Amino acid sequence: MEKTLNVPYIADLDFLNTDAIFNRLETSGERHTIEMINWKEKYPYHPLTTFTIAHSDKYIYINFFVRCNYLRAVNFNTNSPVDEDSCVGFFVNIPGSSDYLSFYINCIGVINAARCGADKAPEPLDNDVIGGISVLPSCGKRPFQEIEGLFTWDVLAAIPLDILGVKYEGEPVELSGNFYKCASGTSQPHFMSWTPIDTPEPDFHRPESFGKIVLE
């Protein structure tokens with residue numbers, strides 16, 4: 001059964017300071033857990049991961065929260081392989097196209113973003129486009145090698161709707177997508193998703209596994 005995520009509309013999000021955005025998401029956003037361990041035999045590690053989501057007229061806001069035992073942030077350049085680090089992800093279809101956008105964000109807020117589609121290599125988004133995405137990581141923005149312990153971290157992203165090819169005009173907008181937690185280069189590699197993925201090996205690029213996302 002296809003999962004559905006109803007993303008609430010919060011009109012004043014764009015005009016709030018950071019603390020107020022967190023509070024509004026906490027009280028009025030929609031929270032879900034990223035808990036599908038699709039390749040359990042090979043990658044059983046399951047860090048607690050949630051995301052809280054809402055949208056305004058111009059942005060979709062996603063706050064990812066993670067509790068984990070290993071923390072890594074080696075990659076610090078835009079469009080570097082941040083999925084090797086402690087990382088979260090959001091893939092979403094482009095309305096009117098079979099293509100979709102992939103967004104990976106590591107725990108220090110570095111973004112890897114691309115336009116993807118069947119039978120073609122991902123096309124990285126321009127730095128200027130990615131620069132329009134606001135990211136606030138709780139770990140700061142300096143890279144570091146892997147450390148072991150018990151950590152909690154979050155990263156808040158505000159993605160312009162026009163990057164997604166969406167114009168919100170007060171009526172519901174239906175999209176499809178998935179949310180991820182991964183860290184392929186850590187001592188406990190893992191590949192988790194919001195909706196299940198049925199492939200022999202880890203592969204997030206499966207739009208047939210996307211759930212429904214409705215901007216209310």
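How many helices and how many strands are there in the chain? There are two helices and 14 strands. Please keep in mind throughout that we are looking at a predicted model.

Let me begin with the overall form. Along its principal axes, the C-alpha trace spans about 45 × 40 × 35 Å. The radius of gyration is 16 Å, which agrees with the value near 17 Å that a compact globule of 216 residues would have. Of these 216 residues, buried ones make up 51%. The chain exposes about 10,300 Å², and carbon and sulfur atoms supply 47% of that area. As for charge, the chain carries 16 positive and 29 negative charges, and the mean positions of the two sets are 3 Å apart.

The contacts also tell us about the fold. If we take contacts between residues at least 6 apart in sequence, 65% of them join residues at least 24 apart.

I turn now to the interior. The largest nonpolar core has 61 residues, and Phe 103 and Phe 179 are those with the most contacts inside it. Strand E5, residues 59-73, contributes the largest share of this core, namely seven residues. Separate from it is a second core of eight residues, including Leu 25, Ala 54, Tyr 61 and Ala 158.

What does Phe 179 touch, if residues up to four places away in sequence are not counted? Its partners include Leu 5, Ile 34, Phe 51, Phe 90, Trp 194 and Ile 213. Ile 62 and Phe 64 are also among them.

Two further residues deserve attention. The first topic is Ser 102, which lies in strand E7, residues 100-106. Is Ser 102 buried or exposed? Its relative accessible area is 3%, and it therefore counts as buried, the limit being under 20%. Leaving aside neighbours within four places in sequence, Ser 102 is in contact with Phe 90, Phe 91, Asn 112, Ala 113, Ala 114, Cys 116 and His 205.

The other residue is Leu 156, found in strand E11, residues 144-160. With a relative accessible area of 8%, Leu 156 is buried as well. Which residues does Leu 156 touch, again not counting those up to four places away in sequence? They are Ile 21, Phe 22, Leu 25, Ile 62, Asn 63, Ser 134, Val 135 and Leu 136. Ile 62 is a useful case to locate on the screen: Leu 156 and Ile 62 are 94 residues apart along the chain, yet their C-alpha atoms are separated by 5.8 Å.

How values were computed
Residues are numbered from 1 along each chain as its sequence is written. This is a predicted model: local features need pLDDT of at least 70, side-chain atom pairs count only at pLDDT 80 or more; totals for chains, interfaces and linings use all residues. Side-chain values use heavy atoms; hydrogens and water are left out. Helices (H or I, at least four residues) and strands (E, at least two) are DSSP runs, numbered from the N terminus. The radius of gyration is taken over C-alpha atoms; the globule rule is 2.2 Å times the number of residues to the power 0.38. Buried means under 20% relative accessible area, exposed over 50%, partly exposed in between (1.4 Å probe, protein chains only). Contact means heavy atoms within 4.5 Å. Accessible areas come from the Shrake-Rupley method with a 1.4 Å probe; for residues, only the protein chains shown count as cover. Lys and Arg count as positive and Asp and Glu as negative; His and the chain ends are not counted. The place of a charge is taken as NZ of Lys, CZ of Arg, CG of Asp or CD of Glu. A nonpolar core is a set of buried Ala, Val, Leu, Ile, Met, Phe, Trp, Tyr and Cys residues joined through side-chain atoms within 4.5 Å.
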